[in-house]
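Me: I am new to this structure and would like to go through its strands with care. Could you show it to me before I ask how its terms are justified?

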Amino acid sequence: MDFCDSPMASATSRRALLLGGASFAAWAYLPKFARAADGRDPRLVVVILRGALDGLATVAPIGDPDYAGLHGSIALRADGPNAAVMLDSFFALHPAMPAFARMYREKKAAVIHAVATSYRDRSHFDGQDVLESGFSGPGRVQSGWLNRALENLPRGDRVMRALAVGPTTPLVLRGSAPTVGWAPVALPQAADDTAMRLAELYQHRDPALATALTQGLQLDKAAQGDDMKPKPGTNGVAAMRLVARGAAKLMAADDGPRIGALAFDGWDTHANEGGPVGRLAQLLSGLDGALAEFESGLGDRWRDTVIVVATEFGRTARINGTEGTDHGTGTIALLAGGAVKGGRMIADWPGLKLANLYQGRDLAPTTDLRAVMKGVLHDQFGLGERVLAEQVFPDSAPVKPMKGLMG
Amino acid sequence: MARDSQAALVALNRFGFGARGGASGDFVNAASDPRGFVKAELSRPNGVLLEVPGLSSTAALGKAVFDYQFEIRKARDAASKSGAPATATEGPPQQASPDARVQRRNLSLSSIAKDITAKEPAKESAKEMAMQTAENGSANATMTPAETMQPSAAKPPQQPLNIIQKTFRAEALARLQRATIADCGFAERLVVFWSNHFCISASKGPLARMWAGSFEREAIRPHVLGRFADMLQAVEQHPAMLFFLDNQQSLGPDSRAGVNRNRGLNENLAREIMELHTLGVGGGYSQDDVTSLARIITGWTYAGRQGQLGTPGTFVFNANAHQPGAQRVMGKIYEANGVAQAEAVLADIARHPSTAKFVATKFARHFTADEPPPALVARLRDVFTKTDGDLKALAVALLDSDEAWQAPLAKLRSPYEFLVASGRLLARNPEDPGRYLNGLNVLGQPLWSPAGPNGFADTNAAWAAPEGVKLRLDISAQIASNLADRIDPRDLLELVAADAASPETRRTIERAESRQQALALLLMSPEFQRR
């Protein structure tokens with residue numbers, strides 16, 4: 001059948017990049033204070049790494065006497081070829097992240113270590129639900145914490161300039177606050193008239209599809225310049241950069257979204273994880289590239305931006321039998337952006353002695369990830385502690401917002 | 001004869017792949033006996049098997065791909081001996097990667113092939129490069145399969161498909177043709193359901209892509225109307241699953257191989273067996289149970305090219321890699337007993353009450369509603385338990401229930417269901433799978449390549465998202481622009497829904513400004529999209 005005859009056959013699919021393990025979605029409104037008199041126009045990007053990032057391999061506690069033994073053949077080293085970049089006298093950054101290393105030196109990036117959500121089992125899917133929903137347990141998938149945070153912000157103008165709603169809005173941004181998304185490239189599109197007729201049919205027969213179609217019809221010209229066409233051979237690393245570049249371009253615009261979320265897949269490194277080079281290194285290189293794209297794409301707006309990078313849980317402290325790591329608990333969160341009070345390692349380090357490991361196998365979490373997110377939302381958007389403890393992260397009053405994350 | 005058009009819509013769309021066009025009479029037949037129409041497929045002997053000339057066994061495919069990889073390695077080694085410069089293109093772009101061993105591992109087959117054939121990079125086809133990324137498979141668990149990426153702009157010389165690409169396309173084509181010509185399609189829908197429940201992902205690497213089709217033919221299809229426990233064992237012993245979830249690398253820490261090579265466990269398969277294949281999250285197992293099962297299934301692997309352990313590309317139990325000794329799983333001790341030790345665990349968890357509940361819920365969700373009727377779930381669970389996991393009995397119980405026929409048609413067809421249904425309605429038996437594969441990629445359901453081991457989403461929300469709906473419209477318009485001249489969409493509406501079509505849909509199609517527009521609207525109508 002001629003589904004996708006010549007016109008489409010010659011265009012790389014719009015979804016191809018999303019399928020490359022990356023997606024972007026954003027709030028459909030500007031917050032009201034976005035053009036406030038003081039010129040500060042804060043932006044927030046949440047990056048979800050699905051599959052559980054090995055925090056001990058990304059920001060390695062090289063100073064911990066047990067680290068090298070546990071991480072074995074894939075452990076980072078402070079010397080030799082592909083040496084890790086020392087962030088302080090104890091922690092070292094993976095060598096595949098030079099942009100983040102520079103931001104850290106420039107005090108525009110920070111690392112929170114030994115962090116975890118409240119989830120303590122080891123299912124990716126439940127773990128991601130907890131990370132993104134902001135509830136303390138799994139099974140709550142109707143809305144995400146970032147969306148509920150948006151509901152508590154003063155809503156300004158709608159982001160009008162031609163956004164298409166992404167098919168894969170991450171849970172963190174799902175909910176009643178309307179969101180928009182974007183994915184690169186276009187198929188030949190159905191004629192407007194056909195679309196309008198269908199929208200009318202749906203309005204009579206299928207209101208849910210009517211809503212979906214109407215949103216989907218808003219075109220994505222704003223994000224798309226010629227340079228956004230995916231090149232043949234785009235790999236996962238390039239896809240991460242490309243999606244970040246498009247997202248940054250959207251978010252840099254005066255009438256672009258201020259708050260967005262991306263998700264990158266593929267971090268489930270059970271086997272042959274690699275050390276300074278290898279599989280994880282490639283992924284981290286893509287992440288680093290994405291952060292660099294935001295920095296350059298946001299231009300002057302980078303000054304008021306925070307990017308938070310988080311994952312559902314960590315991986316085992318000891319490598320498994322196949323030079324990889326299995327599902328664990330404590331891991332890292334990264335902050336980057338001009339608004340970050342950076343150049344800091346934030347960690348209440350639990351140590352890697354067997355007795356100190358969670359259940360004898362994982363980095364024990366000493367910081368609740370919600371404290372980080374709350375701190376960011378408070379500093380960046382002025383959300384109050386009560387809203388954060390009741391609406392955004394329900395039943396989380398004992399988890400206090402981390403103070404002083406923003407400069 | 002009584003005619004029940006609404007029930008015919010349910011029979012064809014909820015349980016099948018939609019009415020076929022031409023003179024099939026599907027809608028009329030379904031309307032006169034909706035249940036009988038759906039059930040008829042269940043009584044055909046071997047009706048679920050897919051035996052098509054040209055499709056090979058997993059072992060034969062394994063041998064072919066091993067040989068292919070071996071030839072490439074050989075050629076590469078020869079090239080490096082002759083002093084050709086290393087041309088690794090992967091690894092973090094910001095840095096060189098002097099570790100030659102790692103570099104070699106990161107080379108994909110196609111980039112190696114490129115090195116061998118010494119084509120300049122600009123001449124390389126988009127297809128090949130897409131394959132490269134697909135096979136590279138780490139950052140991009142769902143990277144678009146090669147089939148979707150068509151050469152653009154410069155029209156590079158077409159490279160012949162390699163054995164892996166050819167196999168994947170042949171397997172895809174056989175599956176698509178079967179779904180297109182099936183009477184109702186219920187059996188094929190069951191195949192798709194179970195294949196997604198026990199999914200692998202072709203994007204894991206060349207072997208997974210090579211085996212994606214044979215895995216379904218050998219581990220899923222023979223048991224779709226058989227026993228769950230048999231399917232479970234067939235799946236967990238299939239080379240494709242062992243490769244997909246890394247079990248071929250997992251060694252018993254105290255096994256001879258584990259000690260000699262100082263390697264050990266990988267929990268990946270054990271966890272997904274419990275979490276995704278049988279008991280479900282919260283199904284009563286602990287981390288210790290996962291680890292125990294991981295130990296018990298050490299040694300479950302497949303024979304490689306040289307066949308030291310057995311016929312290349314077949315399941316083998318490697319006693320050398322197996323963790324010795326008894327293990328406790330969910331309170332029960334399993335004595336050391338070679339391959340039978342894990343088979344005993346699988347047999348027990350296949351009939352665990354949590355498995356019955358988990359499977360019944362998923363099954364009911366797929367066919368009725370995201371929140372399936374609790375009474376239906378309970379009945380399916382009981383049938384599963386009482387029949388010791390008889391999957392035909394499960395399917396019959398679904399069809400015999402009132403709930404499954406009465407629940408509103410609230411779910412959106414998945415992209416695969418939508419594309420197959422379109423092909424059936426337009427009476428086009430595919431001769432080339434490329435356009436379907438492309439369409440599936442565009443719509444976010446790349447064939448046999450879900451993002452994770454939990455398979456593709458099975459909820460309405462997942463597919464009824466705004467851009468997804470918009471892209472369906474674009475694809476419907478494409479189909480219509482190619483085909484509408486030859487058909488009358490008003491006639492097609494009769495084949496799709498007859499008097500179950502709403503007046504609004506009927507009017508919308510009748511008033512369309514062109515046949516093309518009318519067909520696009522028909523393909524997007526709730527009658528065609530909802531099931």
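**Strand S11 and its partners**

Reply: Strand S3 (residues 43–49) of chain A and S11(A) run parallel and are joined by seven bridges. This is a predicted model, in which local features need pLDDT of at least 70, side-chain atom pairs count only at pLDDT 80 or more, and totals for chains, interfaces and linings use all residues. Residues are numbered from 1 along each chain as its sequence is written, and chains are lettered from A and ligands numbered from 1 in the order in which they are written.

Me: What makes S3 and S11(A) a pair of strands?

Reply: Strands are DSSP runs (E, at least two residues), numbered from the N terminus, and two of them pair if DSSP finds at least two bridges between them. Seven bridges join S3 to S11(A), so the definition is met; A:Val45, for instance, stands opposite A:Ile307 in S11(A).

Me: How do you know that S11(A) also pairs with strand S12 of chain A?

Reply: S11(A) and S12 (residues 331–336) are linked by three bridges in the antiparallel sense, and A:Leu335 in S12(A) is the bridge partner of A:Val308.

Me: Why is strand S11 of chain A called largely enclosed?

Reply: A residue is buried if 20 or more other C-beta atoms, placed from the backbone, lie within 10 Å of its own, exposed if 12 or fewer, and partly exposed in between. Seven of the seven residues of S11 (residues 305–311) are buried, so the strand is largely enclosed by the rest of the structure. A:Thr305, A:Ile307, A:Val309 and A:Thr311 point one way, while A:Val306, A:Val308 and A:Ala310 point the other way.

Methods
Helices (H or I, at least four residues) and strands (E, at least two) are DSSP runs, numbered from the N terminus.
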